[in-house]
Amino acid sequence: QVQLVESGGGLVQSGGTLRLSCAASGSIVGLGAMGWYRQAPGGQRELVALILGGGGTQYADSVLGRYTISRDITKNTLYLQMNSLKIEDTAVYYCNMGLVTMSGRQAYWGQGIQVTVSS
(Lines give C-alpha, C1' and ligand atoms only; values in the text may rest on other atoms or scores of the structure.)
Protein backbone atom coordinates (compact mmCIF):
# COMPACT_ATOMS: atom_id res chain seq x y z
CA GLN A 1 0.00 0.00 0.00
CA VAL A 2 1.13 3.55 -0.67
CA GLN A 3 1.80 5.77 2.29
CA LEU A 4 2.76 9.46 2.40
CA VAL A 5 4.53 10.79 5.47
CA GLU A 6 5.01 14.50 6.01
CA SER A 7 7.66 16.10 8.20
CA GLY A 8 9.30 19.43 8.89
CA GLY A 9 6.45 21.50 10.26
CA GLY A 10 6.42 23.35 13.54
CA LEU A 11 6.48 26.76 15.15
CA VAL A 12 8.56 29.56 13.68
CA GLN A 13 8.74 33.31 14.09
CA SER A 14 7.60 35.68 11.40
CA GLY A 15 10.35 36.01 8.79
CA GLY A 16 11.68 32.56 9.51
CA THR A 17 12.03 29.48 7.33
CA LEU A 18 10.78 25.92 7.31
CA ARG A 19 11.19 23.04 4.92
CA LEU A 20 8.44 20.49 4.56
CA SER A 21 9.03 17.00 3.23
CA CYS A 22 6.58 14.40 1.98
CA ALA A 23 7.98 10.92 1.47
CA ALA A 24 6.02 8.29 -0.42
CA SER A 25 6.53 4.60 0.11
CA GLY A 26 5.02 1.51 -1.42
CA SER A 27 4.94 -0.14 -4.82
CA ILE A 28 5.45 3.04 -6.81
CA VAL A 29 6.43 2.76 -10.45
CA GLY A 30 5.93 6.34 -11.59
CA LEU A 31 5.29 9.92 -10.49
CA GLY A 32 2.86 12.47 -11.82
CA ALA A 33 1.95 15.96 -10.75
CA MET A 34 2.48 16.77 -7.08
CA GLY A 35 1.51 19.66 -4.93
CA TRP A 36 1.24 21.26 -1.53
CA TYR A 37 -2.05 22.52 -0.14
CA ARG A 38 -2.90 24.28 3.08
CA GLN A 39 -5.95 24.82 5.21
CA ALA A 40 -6.15 27.57 7.79
CA PRO A 41 -8.60 27.40 10.70
CA GLY A 42 -12.09 28.07 9.42
CA GLY A 43 -10.88 28.17 5.83
CA GLN A 44 -10.94 25.94 2.81
CA ARG A 45 -8.05 23.88 1.56
CA GLU A 46 -6.12 25.84 -1.05
CA LEU A 47 -3.38 25.01 -3.50
CA VAL A 48 -0.05 26.52 -2.51
CA ALA A 49 2.38 25.09 -5.03
CA LEU A 50 2.37 22.55 -7.80
CA ILE A 51 5.08 20.67 -9.65
CA LEU A 52 4.03 18.99 -12.86
CA GLY A 53 5.26 15.67 -14.17
CA GLY A 54 7.65 17.44 -16.52
CA GLY A 55 9.05 19.57 -13.72
CA GLY A 56 7.25 22.84 -14.33
CA THR A 57 6.06 24.67 -11.23
CA GLN A 58 3.14 26.90 -10.30
CA TYR A 59 2.54 28.93 -7.17
CA ALA A 60 -0.29 30.73 -5.47
CA ASP A 61 0.17 34.50 -5.65
CA SER A 62 0.35 34.68 -1.86
CA VAL A 63 3.54 32.58 -1.72
CA LEU A 64 5.21 33.48 -5.01
CA GLY A 65 8.83 34.42 -4.44
CA ARG A 66 8.85 33.00 -0.91
CA TYR A 67 8.10 29.29 -1.39
CA THR A 68 9.87 26.78 -3.59
CA ILE A 69 8.51 23.37 -4.46
CA SER A 70 10.88 20.61 -5.51
CA ARG A 71 11.08 16.85 -5.69
CA ASP A 72 13.59 14.05 -5.54
CA ILE A 73 12.39 11.39 -7.93
CA THR A 74 14.95 8.87 -6.70
CA LYS A 75 13.52 9.15 -3.19
CA ASN A 76 9.84 9.61 -4.13
CA THR A 77 9.94 12.74 -1.98
CA LEU A 78 8.34 16.14 -2.37
CA TYR A 79 9.64 19.27 -0.66
CA LEU A 80 8.40 22.75 0.11
CA GLN A 81 10.95 25.35 1.12
CA MET A 82 9.18 28.20 2.88
CA ASN A 83 11.07 31.45 3.40
CA SER A 84 10.04 34.82 4.81
CA LEU A 85 7.13 33.22 6.58
CA LYS A 86 4.19 35.39 7.58
CA ILE A 87 1.58 34.96 10.28
CA GLU A 88 -1.02 34.36 7.58
CA ASP A 89 0.93 31.31 6.41
CA THR A 90 -0.23 29.52 9.54
CA ALA A 91 -2.17 26.44 8.48
CA VAL A 92 -2.14 22.70 8.21
CA TYR A 93 -0.15 21.79 5.12
CA TYR A 94 -0.97 18.72 3.05
CA CYS A 95 1.00 17.09 0.27
CA ASN A 96 -0.74 15.53 -2.68
CA MET A 97 1.10 13.17 -4.99
CA GLY A 98 -0.02 11.66 -8.26
CA LEU A 99 1.48 8.19 -8.23
CA VAL A 100 1.47 5.24 -10.54
CA THR A 101 1.41 1.83 -8.90
CA MET A 102 0.67 -1.68 -10.10
CA SER A 103 -2.98 -0.85 -9.44
CA GLY A 104 -2.95 2.18 -11.70
CA ARG A 105 -2.73 5.95 -11.33
CA GLN A 106 -4.15 7.67 -8.28
CA ALA A 107 -3.71 10.81 -6.21
CA TYR A 108 -2.68 10.35 -2.59
CA TRP A 109 -2.78 12.74 0.36
CA GLY A 110 -0.40 13.15 3.24
CA GLN A 111 -1.67 13.25 6.80
CA GLY A 112 -1.20 16.99 7.16
CA ILE A 113 1.33 18.87 9.22
CA GLN A 114 0.92 22.02 11.28
CA VAL A 115 2.86 25.15 10.44
CA THR A 116 2.47 27.99 12.92
CA VAL A 117 4.04 31.39 12.38
CA SER A 118 4.19 33.68 15.38
CA SER A 119 4.87 37.39 15.65
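Okay, let me start in the middle of a sheet: Met34 has Ile51 in E5 as its bridge partner. Keep in mind as I go that this is a predicted model. That pair belongs to a pairing between E4, residues 28-39, and E5, residues 46-51; the two strands run antiparallel and are joined by 5 bridges.

Now stay on Ile51 for a second, because there's a second neighbour in the definition-of-pairing sense. Ile51 also stands opposite Thr57, and Thr57 is in E6. E5 and E6 run antiparallel too, with 3 bridges between them. So if you click on Ile51, you can go to Met34 in one direction of the bookkeeping and to Thr57 in the other.Next, the turns. The hairpin of E4 and E5 has 6 residues between the strands, and Gly42 there takes a positive phi near 80°. The hairpin of E5 and E6 has 5 residues between the strands, and here the positive phi belongs to Gly55, near 105°.

Back to Gly42 for a moment. Gly42 sits in the loop between E4 and E5. Buried or exposed? With a relative accessible area of 93%, Gly42 is exposed. If you want a distance to check on screen, take Gly42 and Val2: they are 40 residues apart along the chain, and their C-alpha atoms are separated by 30 Å.

Now go into strand E4, where you'll find Trp36. Trp36 has 0% relative accessibility, and the cut-off for buried is under 20%, so Trp36 counts as buried. Trp36 and Val48 are 12 residues apart in sequence, and the C-alpha to C-alpha distance is 5.5 Å.

On to another hairpin. Strand E9, residues 91-101, and strand E10, residues 104-109, run antiparallel and share 6 bridges. The link between E9 and E10 is a hairpin with 2 residues. To find your place in that pairing, look for Met97, which stands opposite Tyr108 in E10.

One residue outside the strands that I'd like you to look at is Arg66. Where is Arg66? Arg66 is in the loop between E6, residues 57-59, and E7, residues 67-72. Its relative accessibility is 10%, so this arginine counts as buried. And what does Arg66 touch, leaving out residues up to four places away in sequence? The list is Gln81, Met82, Asn83, Ser84, Leu85, Lys86 and Asp89.

Okay, zooming out to the whole chain. There are 11 strands and 0 helices, and the chain reads β-β-β-β-β-β-β-β-β-β-β along the sequence. The radius of gyration is 14 Å, close to the 14 Å that the globule rule gives for 119 residues, so the chain is as compact as a globular protein of that length. Along the principal axes, the C-alpha atoms fill a box of roughly 45 × 25 × 25 Å.

A few totals for those of you who like totals. Of the 119 residues, 43% count as buried. Take the contacts with a separation of 6 or more: 55% of them come from residues 24 or more positions apart. The accessible surface is about 6,200 Å², and carbon and sulfur atoms hold 49% of that. For charges, there are 8 positive and 6 negative side chains, and the centres of the two sets lie 6 Å apart.

That's my tour; if you open one thing afterwards, try Arg66 and its contacts, Asp89 and Lys86 among them.

Note on methods:
Residues numbered from 1 in each chain as written. Predicted model: local features only at pLDDT ≥ 70, side-chain atom pairs only at ≥ 80, totals over all residues. Heavy atoms only, no water. Helix = DSSP H or I, 4+ residues; strand = E, 2+ residues; numbered from the N terminus. Rg over C-alpha atoms; globule rule 2.2 N^0.38 Å. Buried < 20%, exposed > 50% of the residue type's maximum accessible area, 1.4 Å probe, protein only. Contact = heavy atoms within 4.5 Å. Areas by Shrake-Rupley, 256 points an atom, 1.4 Å probe, with all protein chains shown as cover. Lys, Arg positive; Asp, Glu negative; His and termini not counted. Charge placed at Lys NZ, Arg CZ, Asp CG, Glu CD.
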